[in-house]
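Me: I've got a structure open and I'd like to understand the words people use for it. Can we go through some of them together?

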Amino acid sequence: MSTTNTYSFFESVEKSFDKAAKFTKWDKGLLEQIKACNSVYSMNFPVKMDDGRIEVIEAFRVQHSQHKTPCKGGIRFSEFVNDDEVKALASLMTYKCAIVNVPFGGAKGGIKINPRNHSAYELEKITRRYTAELVRKNFIGPGIDVPAPDYGTGEREMAWIVDTYQSLNPGNIDAAGCVTGKPISQGGVHGRKEATGLGVFYGTREVCNMPDIMKKLGLALGIEGKRVVVQGMGNVGYHCSKFFREHGAKVIAIAEFEGAVFNENGLNEEDIFQHRKRTGSILNFAGATNIENSSSALELECDILVPAALENVINGVNAPNIKAKIIAEAANGPLTPEADEYFVENGVLVIPDMYLNAGGVTVSYFEWLKNLSHMRFGRMEKRFQENMNKHILNQIESTSGKKVGERDKDFILHGADEIDLVYSGLEETMISATKEIMDIWKDNPQIPDMRTAAYVNAINKVALSYIELGIFP
Ligand code: NAD
């Protein structure tokens with residue numbers, strides 16, 4: 001195993017793709033087309049900063065595939081953004097959407113800035129100008145390309161995007177569907193904010209409920225009692241920690257870039273979040289031990305390691321020090337191919353990013369559907385369902401002569417709200433995606449790992465789509 005990173009992020013994705021393509025029956029030309037990034041838009045634009053200085057901002061939008069439209073993928077704010085990274089992330093989006101049966105092509109955007117170095121007003125100007133540049137080249141729209149939040153962005157940025165798009169497209173009745181991850185008041189959907197973290201939890205829980213896999217790893221069945229380490233306390237890391245904790249796992253360590261905190265009895269993410277907000281650092285949290293070197297938290301003894309920050313954090317150098325039995329890839333591309341290879345050889349189960357963190361795009365799909373239908377989920381059927389349940393319950397009580405307890409009654413009578421439907425749609429999506437991948441893996445014992453099985457699933461679906469378009473024989 002090589003101990004240095006020999007591949008760029010995009011090359012890593014291509015390498016994983018090639019490894020899986022061998023297990024498919026598709027023509028070389030078709031495979032080349034699936035792998036290629038169709039459109040790469042690289043731009044520079046000037047923005048006047050608060051001190052009067054003009055800064056030239058470098059940004060990208062990559063549409064990896066239009067085999068289904070619109071294209072879909074987040075926008076990242078990071079000083080490390082480059083075209084290779086955005087291409088890699090756009091490719092992963094195509095495969096991710098295919099895996100969870102979301103009918104979009106993959107895309108991704110990136111603005112090369114450190115958001116911490118800009119005021120809210122500067123960030124707003126940068127976001128609005130970026131959106132205007134996308135409009136100028138027809139790279140955004142509810143039927144063209146629909147961005148979403150990613151590293152360094154959230155609801156606030158999505159609200160600026162939808163507002164800019166709407167003002168440049170007056171009268172477009174579907175304009176709210178030009179971006180997802182919006183605040184509820186701007187056309188967002190309940191459950192989008194926590195969707196990626198919740199999807200990571202559902203996916204990991206499914207795997208932990210598989211007796212053969214758990215036996216092979218020497219772990220007890222189920223999520224309860226599992227010792228979890230989470231890297232990153234942003235949107236994804238926070239919600240992963242929350243759902244693991246709420247379902248009986250113990251989050252024993254949380255790492256941020258300034259350091260990590262550890263408590264064998266488990267940490268509460270909300271307390272840590274508030275502490276960091278108050279003091280500016282995750283460190284010195286009462287009731288936890290400091291780990292000054294943040295990356296050494298990845299090497300703690302635990303059952304599940306959840307990297308939820310950035311790519312390439314586990315590589316050929318630190319992979320042999322990792323003690324987790326399961327690595328749940330909440331971030332995109334946290335493992336280099338060298339690390340991946342090491343874990344396959346050493347029996348560590350890697351649950352791959354493009355399947356595991358697909359909760360965000362799944363609920364983004366629900367949000368987009370909500371925007372196109374111009375109505376919140378559950379509005380038409382909630383009351384009908386409640387009345388029907390009441391009627392059935394009354395019948396049961398009168399024929400049996402028994403009364404149902406108040407708690408059960410409340411549960412049975414409750415008609416689905418938007419959040420109930422979103423959570424159940426996401427749970428169903430993650431359960432069926434897990435089953436599809438595991439079936440492919442079981443049917444072909446030559447497939448070495450879950451990532452390759454996930455890629456095979458994605459490649460087959462995208463290939464069929466191209467064939468149905470009549471482009472390839
Ligand atoms: P975020 O900006 O909300 O949070 C990322 C956090 O990671 C920040 O708090 C940052 O300080 C921390 N961090 C950065 N480098 C670190 C390091 N070396 N060690 C420890 N912590 C570090 O971003 P996010 O939306 O939570 O995204 C995180 C990852 O999940 C990214 O890879 C992103 O592409 C992926 N992802 C996000 C979504 C989504 O819906 N937001 C969906 C799918 C995948």
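**Why these words?**

Reply: Sure, let's start with one residue: Gln231 counts as buried, with a relative accessibility of 10%. Keep in mind that this is a predicted model.

Me: What makes Gln231 count as buried?

Reply: Set the value against the cut-off. Buried means under 20% relative accessible area, and Gln231 has 10%, so the word fits. Gln231 sits in strand β6, residues 227-231. Leaving aside neighbours within four places in sequence, Gln231 is in contact with Ala255, Leu298, Val306, Pro307, Ala308, Ala309 and Val313.

Me: Now the helices. Why is α8 called roughly antiparallel to α9?

Reply: Look at the angle: the axes of α8 (residues 235-246) and α9 (residues 269-279) cross at roughly 150 degrees and come within 9 Å. Angles over 145 count as roughly antiparallel, so α8 gets that label relative to α9.

Me: Which residues meet there?

Reply: From α8 you have Tyr238, Ser241, Lys242 and Arg245, and from α9 Glu269, Glu270 and Phe273. By class, that contact has two nonpolar, one polar and four charged residues.

Me: And why is α13 oblique to α14?

Reply: Same kind of check. Helix α13 (residues 382-400) and helix α14 (residues 406-413) pack at about 140 degrees, with axes 9 Å apart. Roughly antiparallel needs over 145, roughly perpendicular runs from 65 to 115, roughly parallel is under 35, and the rest is oblique. An angle of about 140 degrees therefore lands in the rest, which makes α13 oblique to α14.

Me: What does that contact consist of?

Reply: Glu386, Asn389, Lys390, Leu393 and Glu397 of α13 meet Lys409, Ile412 and Leu413 of α14. They divide into three nonpolar, one polar and four charged residues.

Me: What makes a group of residues a nonpolar core?

Reply: The residues have to be buried, belong to the nonpolar kinds on the list, and be joined through side-chain atoms within 4.5 Å. The largest core here has 95 residues, and among those touching the most other members are Ile34, Ile99 and Phe244. It draws at least three residues from each of domain 1 (12-186) and domain 2 (195-356). A second, separate core has 25 residues, including Tyr41 and Phe45.

Me: How do you know that the two domains touch?

Reply: Contact means heavy atoms within 4.5 Å, and 13 residues of domain 1 are in contact with 11 residues of domain 2. The domain centres, taken over C-alpha atoms, are 27 Å apart.

Methods
Residues are numbered from 1 along each chain as its sequence is written. This is a predicted model: local features need pLDDT of at least 70, side-chain atom pairs count only at pLDDT 80 or more; totals for chains, interfaces and linings use all residues. Side-chain values use heavy atoms; hydrogens and water are left out. Axes are lines fitted to C-alpha atoms, for helices over the stretch in contact, and angles run from 0 to 180 degrees between N-to-C directions. Helices (H or I, at least four residues) and strands (E, at least two) are DSSP runs, numbered from the N terminus. Ala, Val, Leu, Ile, Met, Phe, Trp, Tyr, Cys and Pro count as nonpolar, Asp, Glu, Lys and Arg as charged, and the others, Gly among them, as polar. Buried means under 20% relative accessible area, exposed over 50%, partly exposed in between (1.4 Å probe, protein chains only). Domain bounds come from an automatic or database domain assignment.
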